[in-house]
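Subject: Structure for you to look through

Dear colleague,

Here is the structure that I promised to pass on, and below it I have set out what was found in it. Please keep it open while you read, so that you can look up each residue as it comes.

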Amino acid sequence: WPVAVILEYFVVEKLAAMLAFRFLKPTDRPIIITIGISSMIVCLMCPIMSMIATILFKNPGNELVAVWLQTAALNFPMALGWQIFFAGPGVRNVFGFVVGKNGKKQEK
């Protein structure tokens, strides 16, 4: 997971935002922008992490590309669904709860 965090923070995040704003406008609803950027992050991170997992855990030998494509194809639907329906909303709710409480304390 440290590799995933470093890749996402330093490489994929900016690229995902650039790709998302190719079909989104800054005036779109915030949730649509969030889902668009999250989807682009999955589209970029899933093949990268599938390649890393293929090399580390599957011992593909001569079949590296085939095993990697199969792994990415199997991982992608789960990764996208998990991000859009569970992980993304969960993290946003926890972050909103923590920041919301701190923000209210500072206003008083």
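Just after helix α2, N59 takes a positive phi of about 45°; please bear in mind, here and below, that this is a predicted model. Helix α2 itself runs over residues 30–57, and its 28 residues reach 38 Å from the first C-alpha to the last, which is close to the 40 Å expected at 1.5 Å a residue. Within α2 there is a kink of about 25° at M45, and the proline P47 follows shortly after it. M45 is also one of the buried residues of α2, among which you will find I33, G36, M40, V42 and C46 as well.

Two of these buried residues, I33 and M40, also belong to the largest nonpolar core, where they are joined by A16, A20 and L24. Helices α1 (2–20) and α2 each supply at least two residues of this core. If you select A16 and leave aside its neighbours within four places in sequence, you will see that A16 is in contact with I37, M40, I41 and L44.

Turning to the aromatic rings, a search of the whole structure finds two aromatic pairs. In one of them, the ring centres of Y9 and F10 are 5.0 Å apart and the planes stand at 90°, so the pair is edge-to-face. Y9 is exposed, with a relative accessible area of 51%, and F10 is exposed too, at 58%. In the other pair, W82 and F86 have ring centres 5.5 Å apart and planes at 35°, so this pair counts as tilted. W82 and F86 are four residues apart in helix α3 (residues 64–107), and are therefore separated by about one helical turn. W82 is partly exposed at 48% relative accessibility, whereas F86, at 54%, counts as exposed.

As for the whole protein, it has three helices and zero strands, and it follows the pattern α-α-α along the sequence. Its radius of gyration is 17 Å, well over the 13 Å that the globule rule gives for 108 residues, so the protein is more spread out than a compact globule. The C-alpha trace spans about 65 × 30 × 25 Å along its principal axes, and 19% of the 108 residues count as buried. Finally, among contacts between residues at least 6 apart in sequence, 54% join residues at least 24 apart.

With best wishes

How values were computed: Residues numbered from 1 in each chain as written. Predicted model: local features only at pLDDT ≥ 70, side-chain atom pairs only at ≥ 80, totals over all residues. Heavy atoms only, no water. Phe/Tyr/Trp six-rings, centres within 6.5 Å; stacked < 30°, edge-to-face > 60°. Buried < 20%, exposed > 50% of the residue type's maximum accessible area, 1.4 Å probe, protein only. Expected span 1.5 Å × (residues − 1). Bend = angle between axes of the 7 residues up to and from the residue. Core = buried A, V, L, I, M, F, W, Y, C linked by side-chain atoms within 4.5 Å. Contact = heavy atoms within 4.5 Å. Rg over C-alpha atoms; globule rule 2.2 N^0.38 Å.
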